[in-house]
Structures are given as C-alpha cells and as structure tokens.
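Colleague: I'm new to this one, so could you walk me through it with a few questions and answers?

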Amino acid sequence: MTDESTPTPPHLIEFDTPRLRVRQWRESDLAPFFALACDPQVMEFLLPLPTRAESDAAAHRARALIAQKGWGFWAVERKDTGEFIGFTGLNVPMATLPFSPCVEIGWRLSRASWGQGFATEAARGALQVGFERLGLEEIVAFTANGNLRSAAVMARLGMHEDVAGAFEHPAVPEGDALRGHRLFRIDRAAWQAAQRASE
C-alpha cells in the first residue's frame with residue numbers, strides 16, 4: 001500500500017539529438033564547466049566570471065532542479081567524443097521579469113564548440129521536450145542587446161523577436177551595458193507548424 005500523501009518523484013528527462021547527448025549533470029562535468037565559465041569570450045554578455053565555488057554551485061543547482069522537476073538546464077556532451085561542451089535546456093527564471101511567469105530556453109557552450117550548429121541542435125531538442133512532453137504553451141528566450149550570436153540561434157529556432165517586449169534585466173546593475181535585453185518568443189502552434197513544414 002502506497003502513501004498517497006508522498007509525491008511521486010518526477011521522471012528524469014534526458015534525450016539524444018543526432019550528434020549530442022543531453023543529460024543530467026555529473027561530477028566530471030564540473031571542471032570543464034568551470035573552464036567554459038572562465039572564458040571571457042563565452043561570458044562576454046553574461047555577468048562577471050565566477051569563482052570555482054560559484055561555478056560548481058551553479059552546476060549543482062542545475063542538477064538539483066532537474067532531479068526535482070525532471071527537466072531544467074541539462075549538461076550537453078558530444079556523442080562522438082563523450083566530451084562535455086556546455087548546457088542547454090528549459091528554466092523558470094529566478095528574477096521576476098516583465099513577462100513572468102514564463103519558461104525560458106537557454107544555452108552556454110564552450111568556444112571550441114561554436115560555429116558547428118550544436119547550440120541550435122540541442123535547443124531544438126529542448127523545445128520538443130517543452131512542447132511535446134511538458135505541454136508548455138509558450139517558451140521565451142532573452143539575451144543582452146549586443147549578443148548577436150545568441151539572437152541568431154533564437155531566430156534559427158523559429159522564435160520571433162517581441163520588439164515591444166524589450167526590457168532591462170533586474171538582475172543586472174543599473175547603468176551596466178548588459179542591462180538592456182531583447183525578448184524572443186515561440187508558442188506551441190508556431191512550433192507545431194514548423195515541424196509540419198519540415199516533414
């Protein structure tokens with residue numbers, strides 16, 4: 001006999017794409033994640049470079065949220081080499097944003113992995129999880145105004161820019177050049193239409 005007052009643990013979601021494995025974090029991911037987080041080019045449009053303790057804490061938070069909900073910012077590894085190259089996934093932002101409540105899609109990959117379509121490939125898989133398995137109605141993405149590389153990925157994912165939704169991120173200090181953000185959106189109907197068109 002089961003105790004109905006005890007919540008059932010969520011099913012852990014992991015998935016593969018043609019070239020990537022998108023999975024729960026491992027302790028072996030911590031060192032390469034810190035190396036990625038110390039790269040000034042990777043972190044150009046993000047907040048200051050973290051210490052090792054801060055980097056490890058961020059990875060542990062991501063792992064704990066996935067364990068709690070079944071989904072989140074997953075670790076990404078290449079199938080051909082087994083190499084950890086960063087993260088992608090879905091997240092409920094901690095900050096209260098003008099368009100909250102929402103679920104965002106995000107990614108951060110090592111510089112050596114740029115220019116090969118990995119961010120788009122992994123993020124497409126995350127969108128599929130969001131719309132098909134989690135039943136989300138809309139997924140958003142946002143980035144600092146100058147981050148043209150991430151904005152291009154958002155466009156390739158079929159997201160449209162909500163120009164009127166541009167905002168100042170409350171977690172970024174006033175006066176900081178990174179405070180101004182662009183907002184992109186995609187809803188379930190648009191995603192489904194894109195899937196049908198690609199068949």
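Colleague: Let's start with a charge over a ring: the charged end of lysine 69 sits over the ring of which residue?
Modeller: Keep in mind that this is a predicted model. The charged end of lysine 69 lies 3.9 Å from the centre of the ring in question. That ring belongs to tryptophan 71.

Colleague: Okay, on to the rings of tryptophan 25 and phenylalanine 87: are they stacked, tilted or edge-to-face?
Modeller: A pair of aromatic rings is described by the distance of the centres and the angle of the planes. Here the centres are 6.4 Å apart and the planes meet at 45°. Planes under 30 degrees apart would be stacked and over 60 edge-to-face, so the pair of tryptophan 25 and phenylalanine 87 is tilted.

Colleague: And how many residues apart in sequence are phenylalanine 33 and phenylalanine 84?
Modeller: Both are buried, and their rings form an edge-to-face pair because the planes are at 90°. Phenylalanine 33 belongs to helix α1 and phenylalanine 84 to strand β4, so the pair ties together parts of the chain whose separation in sequence is 51 residues.

Colleague: Which helix gives the most to the largest nonpolar core?
Modeller: That core has 45 residues, and Trp25, Trp74 and Ile105 are among those touching the most other members. The helix you're after spans residues 118-133 and supplies eight residues. It's helix α3.

Colleague: Last one: how many residues are in the other core, apart from that one?
Modeller: Among its members are Leu97, Cys102, Phe142 and Leu183. The count for this other core is seven.

Methods. Residues numbered from 1 in each chain as written. Predicted model: local features only at pLDDT ≥ 70, side-chain atom pairs only at ≥ 80, totals over all residues. Heavy atoms only, no water. Core = buried A, V, L, I, M, F, W, Y, C linked by side-chain atoms within 4.5 Å. Buried < 20%, exposed > 50% of the residue type's maximum accessible area, 1.4 Å probe, protein only. Helix = DSSP H or I, 4+ residues; strand = E, 2+ residues; numbered from the N terminus. Phe/Tyr/Trp six-rings, centres within 6.5 Å; stacked < 30°, edge-to-face > 60°. Lys NZ or Arg CZ within 6 Å of the ring centre and 35° of its normal.
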